Amino acid sequence: MNIVHADPRGVDSGAHFMDGDHAIAEGALAAGCRFFAGYPITPSTETAERFAERAPEVGAMFIQMEDEIASIAALIGAAWGGQKAMTVTSGPGFSLMMENIGLAAMTETPIVLANVQRGGPSTGLPTLTAQQDMFQARFGSHGDYNIIALCPDSPQECFDLTVEAFNLAEAYRTPVFIMTDETVGHMHEKVVIPPADQIKVVERNLFTGPKEDFRPYRFDCQGGHPMTRAGDGYRFHVTGLTHDERGYPLMTPAQNQVVVTHLIEKINGNAEHIIRLEEDQVEGAEVVVISYGITSRIAVRAVAEARKKEIKVGSLRLITVWPFCEQRIRELAGQVRAIVVAEINYGQMVREVERCAAGRCQVVSVNHCGGAVHDPEVITKAIEEACR
Amino acid sequence: MNAQSAEFSSEDRIGAMLRTERMPHIWCPGCGIGSVVTCFVDAVLRSGIDQDKLVVVSGIGCSGRVAGYVNFDSIHATHGRAIPVATGLKLANPELTVVVISGDGDLMSIGGNHFVHAARRNMDLVVICINNFTYGMTGGQVTPTTPGSATASTTPYGNYEYPLTLPFLADACGASYIARWTSLHARNITQSVEEALTRRGFSFIEVITPCTTLYLRRNRLGDGVDALQYYQSNSEILHGIDTRETAIELQGKIAVGKFVDRPKPTYLDAVTRCNAKLIGDDYQLYGKTEPEKKAEEAKKAEHPVTSGHP
């Protein structure tokens with residue numbers, strides 16, 4: 001993996017008062033993203049606007065495409081054209097992008113997509129928060145594949161995790177999602193952008209060997225096989241069909257086994273390197289509260305209230321949502337009485353927790369159908385009941 | 001690669017531009033797609049463009065398989081999305097020559113929106129639409145170009161929709177170059193593709209081709225030879241004709257020729273002009289990164305350029 005310092009042209013170093021959406025654009029520019037294609041949709045549009053404003057001075061390309069399908073298709077073209085590329089969207093646009101997310105996964109194309117989640121289904125609550133697309137991010141396109149998804153809980157993390165998203169996309173040649181939400185997207189806070197020489201950036205791993213040795217793929221259940229870019233003379237072929245290591249169609253059940261296993265295992269097999277969690281007072285806890293994104297900011301208050309009542313409660317924040325922290329949940333399930341999962345949806349990530357806990361501890365879902373964050377008292381109450 | 005195909009590719013400069021190891025191809029006897037591919041690679045050769053900088057993007061369908069058979073950088077995209085993928089490629093690296101080759105169903109039905117907007121932006125692409133009036137890969141369904149009253153598997157009693165006239169559509173959307181030929185007009189296709197490859201802006205070439213297995217057979221129009229005879233006796237070369245006059249009726253006259261050739265600034269020209277006004281004349285899309293600049297400076301220091309003689 002070729003890790004370099006960020007190109008200072010894209011880094012607006014210093015302390016800013018900035019919302020999460022803008023911080024995503026700054027994170028992308030700092031990570032070396034020079035191509036943005038997008039379509040306006042509330043509550044994500046500010047990211048596109050920021051990128052459009054900054055693009056000329058950085059020498060980046062911004063294009064407002066005709067729709068979300070075109071936007072993500074353009075990202076795939078741009079990535080094979082040699083650029084780091086991103087788009088941003090919300091619920092309905094995310095749905096429209098699904099088919100080409102599958103193409104990006106299948107062709108192992110590094111792209112970054114931020115979903116500033118809003119309430120659904122359908123047009124739902126365009127201006128109000130939600131975390132209802134968590135499973136869509138993982139399973140939304142047809143067929144079996146894998147992706148990485150990160151969940152920032154502040155504008156600062158929107159910046160930091162966008163840089164990380166680009167680095168992961170390059171390292172594993174995969175689509176990476178920043179699954180933020182309307183509240184974090186529109187929340188203004190202090191965002192410190194470090195100097196360029198303090199930002200680590202993973203460069204595209206480009207094949208440089210002789211033409212006859214060039215293979216765009218290697219199905220070894222690892223990420224990071226070198227790719228190429230159009231114009232370098234390797235005459236690559238990229239297809240969404242099941243393909244061999246040259247990229248040529250090879251449509252057999254046996255080859256699909258090889259390709260799909262690789263796509264899934266290159267991420268699952270590296271889960272311990274990818275997954276980032278934030279834990280607080282989990283050791284010796286009777287109850288652990290699991291949350292992510294904006295909900296973890298609410299959970300802090302709920303946990304503090306429960307501790308005042310002398311309940312031994314810990315908290316676990318998912319910074320990486322996909323791949324899911326299966327191993328850690330299995331461990332915790334053997335140690336605690338209950339796991340409380342708070343999320344702004346009808347119960348999505350709680351299914352993963354239940355699967356991994358496998359009945360060894362109680363799993364409580366504190367769900368909310370979107371439009372607002374939880375009342376912290378509801379989470380506190382769930383913690384109390386779980387201890388009874 | 002078998003001995004025969006190796007011989008084919010070493011002897012023949014056309015063959016060298018094809019992935020002969022992937023032959024035989026999937027197309028039916030009498031199909032016109034192969035003719036278009038031959039004309040296309042011939043035009044590439046004649047144009048003298050750098051083949052390493054050429055990218056072919058296709059969508060889905062019989063024509064969507066073209067990308068897999070040409071020996072250039074190539075992307076076989078999702079159904080209808082060849083044009084936005086091509087847009088991403090071109091904008092990511094403006095040095096590339098990006099060609100979209102796909103079918104009427106792919107480009108004009110599911111991909112219609114992208115066609116409209118790429119033409120509107122005058123995106124620097126060559127788009128070749130192989131129009132056989134049917135969805136071949138899925139078994140002969142009606143497309144937006146199927147002539148009125150022709151039958152298809154989903155219009156078994158005859159097509160009752162109004163078909164699109166592609167040159168008129170491209171014209172209305174702002175394409176800077178528009179031509180149409182049939183697969184009989186091999187030399188003309190080659191010439192038009194060559195022109196399009198060396199022109200800037202959105203170039204659109206429609207090629208009417210026979211689908212022998214589905215469209216011709218279902219409509220009792222004979223085989224491939226019958227189709228070429230129909231093209232021969234019904235095509236009329238009408239360069240510069242008003243594109244509103246280019247509609248095709250079932251087994252009717254086919255206006256062919258170069259209809260539009262109006263150079264104008266491309267999307268990238270417009271971006272550069274706008275940003276140069278803002279940033280100054282040294283504005284450069286993507287420019288050089290700081291490490292690249294440093295490497296250049298280091299190189300200069302290593303080999304200082306001395307002026308004059310001692």
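## A walk through chain B and its contact with chain A

Chain B is built from 12 helices and eight strands, where a helix is a DSSP run of H or I with at least four residues and a strand a run of E with at least two, numbered from the N terminus. Keep in mind that this is a predicted model: local features need pLDDT of at least 70, side-chain atom pairs count only at pLDDT 80 or more, and totals for chains, interfaces and linings use all residues. Residues are numbered from 1 along each chain as its sequence is written, while chains are lettered from A and ligands numbered from 1 in the order in which they are written.

Along the principal axes, the C-alpha atoms of chain B fill a box of roughly 85 × 50 × 30 Å. Of its 310 residues, 49% count as buried, meaning that 20 or more other C-beta atoms, placed from the backbone, lie within 10 Å of a residue's own (12 or fewer is exposed, in between is partly exposed). Now look at contacts, which are pairs of residues with backbone-placed C-beta atoms within 7 Å. Among those in chain B with a separation of 6 or more, 66% come from residues 24 or more positions apart.

How far can you trust it? The model scores ipTM 0.97 and pTM 0.95. For chain B the mean pLDDT (the predictor's confidence in each residue, from 0 to 100) is 93, and 93% of the residues reach 70 or more. Residues 306–310 of chain B are another story: their pLDDT is below 50, and the stretch has zero contacts beyond near neighbours in sequence. Where pLDDT is low, the predicted coordinates should not be read in detail.

On to the place where the chains meet. Chain A puts 42 residues into the contact and chain B 40. On the chain A side, the elements giving two or more residues include α2 (45–58), α3 (68–80) and α4 (91–106), and α3(A) gives the most, with nine. By class, this side has 23 nonpolar, 11 polar and eight charged residues; Ala, Val, Leu, Ile, Met, Phe, Trp, Tyr, Cys and Pro are the nonpolar ones, Asp, Glu, Lys and Arg the charged ones, and the others, Gly among them, polar.

Strands meet here too: three bridges join β12(A) to β2 (residues 73–76) of chain B, running parallel, with at least two DSSP bridges needed for strands to pair. A:Thr239 stands opposite B:His76 in β2(B).

Finally, find helix α1 (residues 20–30) of chain A. It is largely enclosed by the rest of the structure, because 11 of its 11 residues are buried, including A:Asp21, A:His22 and A:Glu26. Just after α1(A), A:Gly32 takes a positive phi of about 95°.

How values were computed
Contact = placed C-beta atoms within 7 Å.
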